[in-house]
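Here's a quick tour of a protein model, made for a first look at how side chains meet and how strands line up. Keep the structure open while you read, and find each residue as it comes up.

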Amino acid sequence: MAFTKETVRDAEGLTWFDDLRRDLRFAIRTLRRAPGFALVVLLCLGLGIGANAAIFSIVNTVLLKPLPYREPDRLLNAYETFFLSGGNGWGSVSFPNYEDWRDRNRSFVSLAAYQAGSTTLRGSEKTERLLTLDVTPNYFTTMGLTPLRGRGFAAEDAATTAPEVAVVNERLWRTRFGADPAIVGKTLNIGGRERTIIGIMPAAASARTQVWLPLTLTPERAAARGSHYLAVTGRLRPGVTAAAAGADLASIAEAIKREHPEQDPSRSAMVRPVIEDAVGGSKSTLLILLGAVGLVLLIACANVANLMLARAASRQQEVAVRLALGASRGRLIRQFLIEALLLSVGGAVLGGTMAWFGLRALQPMVARALPRSSDLAIDGRVFLYLLGIAACSAVIFGLVPALQATGGDVRGSLTRGGMRGSTGGQARLRTTLVVAEMALSLVLLAGAGLLFRGLLLLQATPTGFSASNVLTAHLTLPDTAGPGKGHFAMPFLEQVRTLPGVRAAGMISRLPIQSSGTNGNYTIPGHPLPARGQEPLAEFRYTTPGLFGALDIPIIAGRDFTAREMADTTSIALINQALARKEFPNEDPIGRRITLGETEVYTIVGVVGDVRQGGLDRAPFPEIHLPARASANPMDVTLVVRAASEPATLTPAIRDLLRQADPGQAMFNEMTMDEVIATSLTSRRLNLWLFGIFAAVALILSVTGLYGVIAYLVNQRTREIGVRMALGARPRDVVVMVMRQGGVLVAVGLGIGLLGAAGVTRLIASMLYGVSPRDPVTFGVVTAVLGVAALLATLVPARRAARVDPMLAMRAE
């Protein structure tokens with residue numbers, strides 16, 4: 001009966017399955033008999049695979065997930081290009097130019113324009129701030145978005161005389177209105193105006209926008225060809241390439257210049273895929289991190305391969321017996337690979353668990369530092385990636401030990417009485433793996449060290465102001481109460497200044513460190529006029545009196561604005577030292593005039609110290625401060641308060657004052673200035689954290705790998721050491737001998753690692769600040785750290801070797 005069953009199974013081709021099942025059971029039994037070995041291997045693989053899974057999850061979310069639009073590959077952002085000192089710039093589009101692009105192009109099915117902003121939502125209990133997008137009526141169809149309920153905008157919704165409407169995001173609908181299905185058709189007070197909700201967009205439509213409003217322009221603003229403030233996105237016609245669309249818009253831009261010679265002659269047009277703009281500059285950083293974490297996996301695999309080699313050497317007698325009983329070499333290699341695969345699957349499960357916890361811990365920092373990362377998760381694609389690297393790991397660390405264990409004169413070990421030990425080839429392979437681990441670890445440590453040193457230098461960079469005891473809070477003011485008109489800002493500031501513990505207070509349109517790019521052209525009357533389109537640029541800031549005192553920015557010459565000047569029409573301005581040095585190197589700028597745009601002439605009344613507008617890593621730009629009343633957009637301002645002690649304690653009192661002054665206004669994003677600076681460094685801190693974790697894991701793996709190899713070699717040389725000590729060698733001589741052997745491996749590994757680091761660290765040059773990718777100090781420190789750690793790992797087996805009893809060692813042999 002058994003023979004018949006076997007024959008049938010052979011005929012059905014199921015023998016291989018039975019063999020596989022038997023090999024699997026044998027592998028499980030084998031690993032259960034060596035729990036210590038299995039645990040160490042699982043930990044090594046868990047660290048390597050877990051780090052890879054975590055980084056791939058981030059890459060998957062940021063780079064690989066499709067945008068939440070229909071056929072996102074056909075979406076392009078369109079920009080106006082222009083001459084900029086030092087090169088060509090690109091940016092926002094004026095409404096007349098957008099209309100010409102929309103009506104004349106042959107490349108796009110539709111072209112939509114929009115402008116980001118914010119507004120307020122007044123409720124029965126409180127007023128809150130909402131992030132908005134003012135869009136042309138074709139925006140939703142262009143992007144390929146379909147509302148969950150209601151409808152999008154129609155052409156008549158953008159008319160200045162049309163009833164005011166709005167579309168809300170699903171997230172706001174659920175959190176603010178409890179997913180009330182009757183919200184469509186209701187009227188809400190948005191931005192101080194009664195607007196009817198006409199639709200609800202799915203949450204995936206935007207992670208940021210809470211409310212969409214129709215883009216409604218006054219006739220004057222709609223005709224202002226020189227006013228560039230719109231973003232433009234278009235959906236390509238089928239079969240049209242991005243290059244063809246860019247050329248199409250550029251030809252239209254040339255025609256516009258001929259028709260409107262008053263326009264900047266350097267302006268043209270360009271397009272970029274929407275996904276590239278959505279990802280920003282994070283793509284290269286993530287790919288570098290993916291490469292770095294790949295090195296960690298290689299180190300883990302090398303470590304595990306070393307352990308497998310040692311175990312294979314101890315199983316030579318078992319292998320010889322199985323070969324003698326008729327097992328083929330292929331069957332034994334398969335057995336070894338199944339054991340490796342079992343360990344890899346276990347490592348993948350452990351690594352996936354580590355990655356899940358790691359992502360939860362890093363989620364807040366990742367969400368602040370990287371775009372599209374607010375919903376990090378381990379999805380099906382990450383699961384497949386885990387399986388893939390587990391299978392690859394099994395091959396990497398399982399195949400070579402399997403070949404080593406089953407190759408050569410294995411049967412000879414049986415005839416020689418089962419003598420244990422590795423061959424010379426195995427020993428060379430093991431030491432080579434350790435050298436490779438040391439070299440790869442040094443590369444990762446050098447990268448982490450450079451990032452750490454760069455961050456220290458960045459944190460020590462002078463900001464141009466004093467951040468201690470400064471509270472900042474953003475205000476979204478309705479048009480009727482804008483600080484530009486002086487109806488709200490100055491009386492409110494006076495009330496804030498009367499609060500106990502307040503030393504100074506002011507307002508500014510954009511905080512230092514937080515933002516740059518709100519700029520415009522200027523000329524100096526009396527100076528040679530630059531060529532048209534080549535006028536210099538300066539950052540514009542709208543400020544109130546008291547702002548420089550609140551931030552402790554020195555007034556180098558002249559004076560600050562006065563409260564009276566917030567209400568009158570006097571055209572005055574302050575400039576910073578960078579602009580004064582550039583335009584008035586040997587002159588007193590006080591009393592001189594400066595022209596903004598075409599015709600706005602301001603008299604310079606003061607020079608203030610330089611501050612870093614765009615971040616600690618960017619030098620101060622030329623800057624012009626205007627009275628807050630001159631702001632064309634009075635909606636967003638930032639209150640800055642210098643306190644006598646802990647500034648955060650002032651928040652409730654200031655919020656009460658605001659509520660008393662106008663219940664329709666909202667205050668948000670309350671942060672100390674120290675927190676503002678820390679937030680600006682989030683991306684660099686995240687890179688340092690990740691590189692630091694990778695380097696720490698690599699250090700642990702390589703040092704333990706070195707320890708394992710030296711301990712194994714000491715075990716192999718026990719008899720030799722016993723003989724040496726019997727002939728008079730002192731314990732100290734044994735320690736020196738063993739450490740010399742380990743030291744050679746360490747020295748070779750560090751030498752190769754230094755050469756590798758000198759080449760590889762150039763890839764992270766863009767992530768560094770103030771430090772060379774080949775900084776000798778950093779390289780010296782990390783080499784010393786790794787070298788000392790490695791020698792300490794060698795010292796343990798060396799001391800054990802020095803305690804070998806010569807008589808016992810020789811009797812054992």
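There are 9 aromatic pairs in this structure, which is a predicted model. We'll begin with those rings, then move on to charged partners, a strand with several neighbours, one helix residue and a couple of cysteines.

**Aromatic rings**

- One of the pairs is Phe691 with Phe694, and its geometry is tilted, with 6.4 Å from centre to centre and 55° between the planes.
- You'll find both Phe691 and Phe694 in helix H21 (residues 682–716), where they sit 3 residues apart, or about one turn of the helix.
- Are these two rings buried or exposed? Phe691 is buried, with a relative accessible area of 5%, and Phe694 is buried too, at 3%.
- Elsewhere, look for one aromatic cluster made up of Tyr114, Tyr139, Phe140, Phe153 and Trp212.
- A ring can also meet a charge: the charged end of Arg221 sits over the ring of Tyr229, 4.0 Å from the ring's centre.

**Salt bridges**

- How many salt bridges does the model have? The count comes to 32.
- Take Arg225 and Asp100 as a starting example: their side chains meet in a salt bridge, with 3.0 Å from N to O.
- That pair ties together distant parts of the chain, since Arg225 is in the loop between helix H7 (219–222) and strand E11 (228–236), while Asp100 is in helix H4 (residues 95–104), 125 residues apart.
- Both partners, Arg225 and Asp100, are buried.
- Next up, Glu164 and Arg193 form a salt bridge through their side chains, at 3.5 Å from N to O.
- This one links distant parts of the chain as well: Glu164 belongs to the loop between strand E6 (149–150) and E7, and Arg193 to strand E9 (residues 193–201), 29 residues apart.
- Glu164 is partly exposed at 30% relative accessibility, and Arg193 is partly exposed with a relative accessible area of 39%.
- For a pair inside one helix, check Arg659 and Asp656, whose closest N and O atoms are 2.9 Å apart in a salt bridge.
- Arg659 and Asp656 both lie in helix H19 (residues 651–661), 3 residues apart, which is about one turn of the helix.
- Arg659 comes out as partly exposed, with a relative accessible area of 46%, and Asp656 is partly exposed at 35%.
- Some salt bridges share partners, and in this way Asp100, Arg104, Arg225 and Glu259 are joined into one network.

**Strand E10 and its neighbours**

- In a regular strand, side chains alternate between the two faces of the sheet.
- Which residues cover the faces of strand E10 (residues 211–214)? Val211 and Leu213 are on one side, Trp212 and Pro214 are on the other, and all of them are buried.
- Trp212 may ring a bell, as it's also a member of the aromatic cluster.
- Strand E5 (residues 127–135) pairs with E10 in the parallel sense, over 4 bridges.
- Within that pairing, Val135 has Pro214 of E10 as its bridge partner.
- Strand E7 (residues 165–169) runs antiparallel to E10, and 2 bridges join them.
- Here, Val168 has Val211 of E10 as its bridge partner.

**One residue in helix H3**

- Thr61 is found in helix H3 (residues 35–64).
- At 2% relative accessibility, Thr61 is buried.
- What does its side chain reach? The side chain of Thr61 reaches the backbone oxygen of Ser57, at 2.9 Å.

**Cysteines**

- A disulfide is a covalent bond between the sulfur atoms of two cysteines.
- The count of disulfides here is 0.
- Cys301 is in no disulfide, and the nearest cysteine sulfur, that of Cys392, is 9.0 Å away.
- Why doesn't that pair count as a disulfide? Because a disulfide needs sulfur atoms within 2.5 Å, and the sulfur of Cys392 is 9.0 Å from that of Cys301.
- The two cysteines also sit in contrasting settings: Cys301 is buried, with a relative accessible area of 2%, whereas Cys392 is partly exposed at 47%.

Note on methods. Residues numbered from 1 in each chain as written. Predicted model: local features only at pLDDT ≥ 70, side-chain atom pairs only at ≥ 80, totals over all residues. Heavy atoms only, no water. Buried < 20%, exposed > 50% of the residue type's maximum accessible area, 1.4 Å probe, protein only. Pairing = 2+ DSSP bridges. Salt bridge = Lys/Arg side-chain N within 4 Å of Asp/Glu carboxyl O. Phe/Tyr/Trp six-rings, centres within 6.5 Å; stacked < 30°, edge-to-face > 60°. Lys NZ or Arg CZ within 6 Å of the ring centre and 35° of its normal. Polar contact = N/O pair within 3.5 Å; in protein donor to acceptor, adjacent residues only side chain to side chain.
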